[in-house]
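Visitor: I have a model open in front of me and would like to learn how to read it. Could you walk me through it?

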Amino acid sequence: MNRIVLGLICGLAFGVVDVLLMLPLEFPDKKTALLGAFLDRFAIGFTIACVKLPWPGWLIGLTFALLISLPSAVVTKAYAPILIGGAVGGLIIGFVVGRWGV
């Protein structure tokens, strides 16, 4: 599958999953928190699909997921959920893109 299309699909899926996981949580500005989380996770999926390096797909996914997640983790001080969630999603997306991305 085309890497751009695959990146759009992976980014949308990862963003939706993250928003669904956050729905039961309380935030001062819930709409902004959900939008920010969606955009962060969408960027991870799309970026991983656009990057071509001589590394295994899972390593590309892990690296870029952590790099993109780190600013949100620092701002919110919620390091573990943001970085672990980003890492798991990045590993999965990296594997998917490495396996089926053309």
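Guide: Happy to. Let us begin with a pair of helices: helix 3 passes helix 4 in a right-handed crossing. Do keep in mind that this is a predicted model.

Visitor: At what angle do helix 3 and helix 4 pack, and how far apart are their axes?

Guide: Helix 3 covers residues 57–76 and helix 4 covers residues 79–100; they pack at an angle of about 155 degrees, and their axes are 7 Å apart. Angles over 145 degrees count as roughly antiparallel, and helix 3 and helix 4 are therefore roughly antiparallel to each other.

Visitor: Which residues meet where helix 3 packs on helix 4?

Guide: From helix 3 the contact includes Gly-57, Trp-58, Gly-61, Leu-62, Ala-65 and Ser-69. Their counterparts in helix 4 include Tyr-79, Ile-82, Leu-83, Gly-86, Gly-90 and Phe-95. The residues of this contact divide into 13 nonpolar, 9 polar and no charged.

Visitor: Is Ser-69 buried or exposed?

Guide: Buried means under 20% relative accessible area. Ser-69, in helix 3, has 0% relative accessibility and so counts as buried. Not counting residues up to four places away in sequence, Ser-69 touches Ile-82, Leu-83 and Gly-86, and also Asp-40, Arg-41 and Ile-44.

Visitor: Asp-40 and Arg-41 sound like a possible charge pair. How many salt bridges does the structure hold?

Guide: There are 2 salt bridges in the structure. To recognise one, look for a side-chain nitrogen of Lys or Arg within 4 Å of a carboxyl oxygen of Asp or Glu. The side chains of Asp-18 and Arg-41 meet in this way, at 3.5 Å from N to O. Asp-18 lies in helix 1 (residues 3–22) and Arg-41 in helix 2, so the pair ties together parts that are 23 residues apart in sequence.

Visitor: And what does Arg-41 do with Asp-40?

Guide: The side chains of Arg-41 and Asp-40 also meet in a salt bridge, again with 3.5 Å from N to O. Because the two salt bridges share a partner, Asp-18, Asp-40 and Arg-41 are joined into one network.

Visitor: Are the residues of that network buried or exposed?

Guide: Arg-41 is buried, with a relative accessible area of 3%. Asp-18 counts as buried at 14% relative accessibility, and Asp-40 counts as buried at 13%. Asp-40 lies in helix 2, which spans residues 30–50. Beyond residues up to four places away in sequence, Asp-40 touches Ile-68, Ser-69 and Ser-72.

Visitor: Let me try helix 1 next. What does Met-22 touch?

Guide: Met-22 lies in helix 1 and counts as buried at 13% relative accessibility. Leaving aside neighbours within four places in sequence, Met-22 is in contact with Phe-27, Lys-30, Ala-33, Leu-34 and Ala-37. You can also use Met-22 as a ruler: its C-alpha atom is separated by 29 Å from that of Trp-100, 78 residues apart along the chain.

Visitor: Finally, the backbone. Where is Lys-77, and what is its phi?

Guide: Here is the general idea: most residues other than glycine have a negative phi. Lys-77 has a phi near 60 degrees, a positive value in a residue other than glycine. You will find Lys-77 in the loop between helix 3 and helix 4.

Visitor: Is Lys-77 buried or exposed?

Guide: Lys-77 is exposed, with a relative accessible area of 66%.

Notes: Residues numbered from 1 in each chain as written. Predicted model: local features only at pLDDT ≥ 70, side-chain atom pairs only at ≥ 80, totals over all residues. Heavy atoms only, no water. Helix = DSSP H or I, 4+ residues; strand = E, 2+ residues; numbered from the N terminus. Buried < 20%, exposed > 50% of the residue type's maximum accessible area, 1.4 Å probe, protein only. Contact = heavy atoms within 4.5 Å. Axes fitted to C-alpha atoms, helices over the stretch in contact; angles between N-to-C directions. Parallel < 35°, antiparallel > 145°, perpendicular 65-115°, else oblique. Left-handed = near helix turned anticlockwise from the far one by under 90°. Nonpolar A, V, L, I, M, F, W, Y, C, P; charged D, E, K, R; others polar.
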